[in-house]
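Reader: Please take a close look at the salt bridges in this model, and at the helices that hold them. I would also like to know how the neighbouring parts are placed.

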Amino acid sequence: MERGPSQAGRSKGGVGVSREIADSIARAVDLPKGDSASYAGDHSLASILNNPHVGKSGVYGSDASWASWFSSGSANPTELPPIVLNKTFPEIARSDFSPYLASISEPYGRFEDIQHHTNRELLNSQRDAAGLDGSASVGDSDVVVRGQGESLVACLREVPSLFFKEDFALEDGGTFRAACPFSSISETGVLQEKLSHYLDIVELHLVKEISLRSDSFFEAQVQLQDLNSRIVESCGRLQELKSTIRLLDNDLVGSAKNVQELNKKRSNLLALQQKLRLILYVNQALSALKLLLASADCAGALDVTDDLQHLLDSDELTGLHCFRHLRDHLAMSLDSINSILAADFVRSAIHNGKDMDVGKPQEKGARPAAVGREEDLMLDEEESSGFRERLLPIIIGLLRTAKLPAVLRMYRETLIGNMKTAIKTTVASLLPVLAARPMDSDLQAGERPVDSDGGGLSLANKLRSLSPDNFVMLLTAIFNIVQAHLVMAAEVKKVIEWIMGGLDGSYAADSVAAAVALGAATAAAAEAAQENYQTDPHVPYSIQRSTTKVDLLPGRPNEASSASNVSKNFRADVLRENTEAIFAACDAAHGRWAKLLGVRAQLHPRLRLQEFLSIHNITQDFISATEKIGGRLGYSIRGTLQSQSKAFVDFQHVARMEKVTAVLDQETWVSVDVPEEFQTISNSFSSSGEIGRDDPTCDDASGPAVTTSTKVYISNEQQSKNVKQDVTLAKSVNGQDKALEISNISHHSDDRSTKEHGKTASQMLFYGGVGYHMVNCGLILLKMLSEYIDISKSLPALSSEVVHRIVEILKHFNTRTCQLVLGARAMQVSGLKSITAKHLALASQVISFFYALMPEMRCILFTKVPESRKALLSSELDRVAQDYKVHRDEIHAKLVQIMKERLLVHLRALPQIAENWNKTEDTDPQPSQFARALTKEVGVLQRVLSRTLLEEDVIEIFRQVTEIFHLQLTEAFSKLDLNTPQAKNRLFRDIQHILACIHALPAPKLSGESIPKPGKLDDFLAQRFQSEAGQ
């Protein structure tokens, strides 16, 4: 193989290649051959200076270097043309090359590092060669000795990296253009020479590496041959050891080994015998289980299943193919046992031999029995003991299988269904009997159900067609049916609680405790298996049951506490289902009862109070009895009863509001006789109010202070008169002013022949020792208030609603009365010609009566109102009482205003009358027509008011009238211009006559010998006529 070119030869080769390339370029551009060298040097130098970053992959190949360019440029300096400077360049400083130096600093640094590394390697190789061969010259550059791998590194450094890439393929266009950059024929030859040179370099370095590694290869081959000989030797020794051991086994260990094998065979035979006995026992147990199931002996069957289940859980039957279905067979047997126990439990718990059809009449037309007492339906001591003995083994069996909660749920559904069926049967059997009875309700003919299609009435219509009494009979029968079922269910609940509570020292206490523990374990295992099934549903349930075991034996303390918790949870589950069963039965009974009430929901509000109360009371008794048995409140039926009660109150209130409005519109405001019934109602308010005053709310109740000492006063002189003069308020024809009409109405003398308090009790309504004249609408309102109070007492849950309704009807009565009397609407709706003073007085009496009645009514109503509502309702009643007081005061003010208007009418004619006094001579000693007419009207008003109003009201009205007379008459008389003595005497006589009338009017009684204070008219008389007398 040829020796690789040296570094000097490579430089020369590089110059030759450059020169050939330059000649090729010169021929291509048709340059003279002598100019090719200078062209190549100039342009090559310019290319390098323009891109100093170009490394080994330059324009002319990756082997191009700076030295080759300069050597090719300086090979023939004579051929280079002289450099001609066309212009003078400025002086160049070092700073001008700073950008260039900065751009080549990084590649130049790498170049220096490579150069230093190469020099160190050459120096180290020369030193090693000098140490091995003393004749070697360190300075000889042609002898290069490197270690292993150094030749490959040098090869990679000299040959471009393009040829060493893994994806190098000349078929690729980019790779081919990078490896063969020239396209002309001459350049192709140069390229072939360069590629041959690269091939020589690679072959040379490969040969060097192989020569360096040949010693290690032959050394490894020698070692491998030595190892092979040792392995052959070891195999021979192993065969000798095996033959020796075989001889020892035959001579020393053979007999002992036979003994061991025979002993193992004997153990296997004994185990087989035990397995066969176990198989026989299991087979006999399965046969016995079938017989026990056929005879319904659940206790014995459970013992057998427990033994077999224990064998399955202890893995003694594992691997026996004949018993692969034993677990499923036991599950089926347990299901059969549970079915038998569940049927026995339901049959014993529900059908106890008692007749549940207690509400069914024995014969047609027989009346259902009254609601039975719970004590009469309960079992006696002997029956209760026998009932416990029947249920005890059934419940113990269900506890052992942990199915008692599930059976209790089934029992609950059966009890509900049985009770619903009994109710349905009772309704179906009693409806024809009760429907045949005559109806005595107040329902109109149009409100009763009619068979419109010609066929039989539906069940709902038949229920609606029943009278209230007959419907109560039906409810009584249903009550007895439900009570019988629930009392029996309560007995079952009591027995289960007695069993779960430990049986109170009974003989079966240990059996119950063991059954509870076993049932708790079974329930926990079933729950765990169910969780595993939900986690991996592909695993069969029987396998999960076999792998899920709960050990409740008290081993360690934590296991004992866990077993106790499981047992407590199981007990709690049983007791919860036991309680839920009877509560669900009560809830179902409530639902059926509420459904019956809902069918007649449109009829009940229209009933009379007593009829509705009969339905309400039996429903309330039913709720109380069922809640006592069930132990929980029945919210559904209570809501139904509350809604129907509220609908009843609302309907009754609307009817009474309409009735009050109609009565007020037809009222003629004439005093009527008071029947004894209404006096009794008034007296009941007084007696009930005294009882209700124990309520602290009544102590602060605002209202009128009615004294019992106030009496109705009627003078003997007024009673003996045969003529009654009415003061009427009428409108004049032109509608401008009002006048008092004096009408004489004749009456027989025997109608007014009574003494003081001569009016009988039938003509006045007495309350608190005070008599009130009443009109028709007042008596009707009193009757309605009494009915409202009865509703409040009978329906205490709606007492607040009743108070609201009373407030509303009182407001309506007060407002409508004010419109009819004070607003004179009665002239339009009632046909009155005018609103008289007596009308006003009677309206005042009615308003005063109810105003006086409000404090006692408040005490009666608030005995049933909750404390939280009393403050609000009390404020509403206070506002109503204040409205009544204001209304009464307005009526009194209206009476005063009437008298004032009449006075002003007379005073407007006084100046003309006074002029006549001055012109004519006065020979009549009597007062003038002015004074007589004025006093006559005052007297008529006094007589009317004194007969009707209370004494204190009359005194207050005429006190105001007196003040108005003193003021107006004094002012009018002081303005008169009287010139003659006759006129002055006439005025004197008139003033004395008017003062006599005023002094005779009712006035407050003075204490002792007090003298009444004179008025302004008295002072005017004294001043005017005493001064004239002095003159």
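Author: What follows goes through the salt bridges one at a time, and then turns to some other contacts and a surface patch.

The model is a predicted one. Across the whole structure, a search finds 28 salt bridges. Three pairs and one network are described here.

Helix H14 is a useful place to start. This helix covers residues 468-500. In H14, the side chains of Glu497 and Lys493 meet in a salt bridge, with 2.7 Å from N to O. The two residues are four apart in the helix, so about one helical turn separates Glu497 from Lys493. Their exposure can be stated for each partner. Lys493 has a relative accessible area of 18% and is therefore buried, because the cut-off for buried is under 20%. Glu497, at 35% relative accessibility, counts as partly exposed.

Two further residues help to place H14. Met488 also lies in this helix, and its relative accessibility of 5% makes Met488 buried. From Met488 to Ile582 the C-alpha distance is 9.7 Å, although their positions lie 94 residues apart in sequence. Ser467 sits in the loop that joins helix H13 (459-465) to H14. With 2% relative accessibility, Ser467 is buried. The C-alpha atom of Ser467 is 9.4 Å from that of Glu611, and these two residues are 144 apart along the chain.

The second pair is in helix H24. Glu801 and Arg805 form a salt bridge through their side chains, at 3.1 Å from N to O. Helix H24 runs over residues 799-822, and since the partners are four residues apart in it, about one helical turn lies between Glu801 and Arg805. Here the arginine is the buried partner: Arg805 has 12% relative accessibility. Glu801 has a relative accessible area of 22% and is partly exposed, because values under 20% would be needed for buried.

The third pair is in helix H7, which spans residues 185-294. Arg230 is bridged to Asp226, and their closest N and O atoms are 3.6 Å apart. These partners are also four residues apart in their helix, so they are separated by about one helical turn. Arg230 counts as exposed at 54% relative accessibility, the cut-off for exposed being over 50%. Asp226 has a relative accessible area of 38% and is partly exposed.

Beyond these pairs there is a network. Arg409, Arg412, Glu413 and Glu577 are linked by salt bridges in it.

Helix packing can be described for one pair elsewhere in the chain. Helix H27 (residues 867-908) packs with helix H30 (residues 951-974) at an angle of about 25 degrees, and their axes are 10 Å apart. That angle makes H27 roughly parallel to H30, because angles under 35 degrees are counted in that way. The crossing of H27 past H30 is right-handed.

A nonpolar part of the surface completes the account. Ile92, Phe97 and Leu101 make a nonpolar surface patch of about 290 Å². Of these residues, Phe97 is in the loop between helix H3 (66-73) and helix H4 (98-132). Phe97 is partly exposed, at a relative accessible area of 42%, and can therefore belong to a patch, for which over 30% is required.

Terms used. Residues are numbered from 1 along each chain as its sequence is written. This is a predicted model: local features need pLDDT of at least 70, side-chain atom pairs count only at pLDDT 80 or more; totals for chains, interfaces and linings use all residues. Side-chain values use heavy atoms; hydrogens and water are left out. Patches are made of residues with over 30% relative accessible area and no salt bridge: like charges are joined within 9 Å, nonpolar side chains (Val, Leu, Ile, Met, Phe, Trp, Tyr) within 5 Å. Accessible areas come from the Shrake-Rupley method with a 1.4 Å probe; for residues, only the protein chains shown count as cover. A salt bridge is a side-chain nitrogen of Lys or Arg within 4 Å of a carboxyl oxygen of Asp or Glu. Buried means under 20% relative accessible area, exposed over 50%, partly exposed in between (1.4 Å probe, protein chains only). Axes are lines fitted to C-alpha atoms, for helices over the stretch in contact, and angles run from 0 to 180 degrees between N-to-C directions. Angles under 35 degrees count as roughly parallel, over 145 as roughly antiparallel, 65 to 115 as roughly perpendicular and the rest as oblique. A crossing is left-handed if the near helix is turned anticlockwise from the far one by less than a right angle, and right-handed if clockwise.
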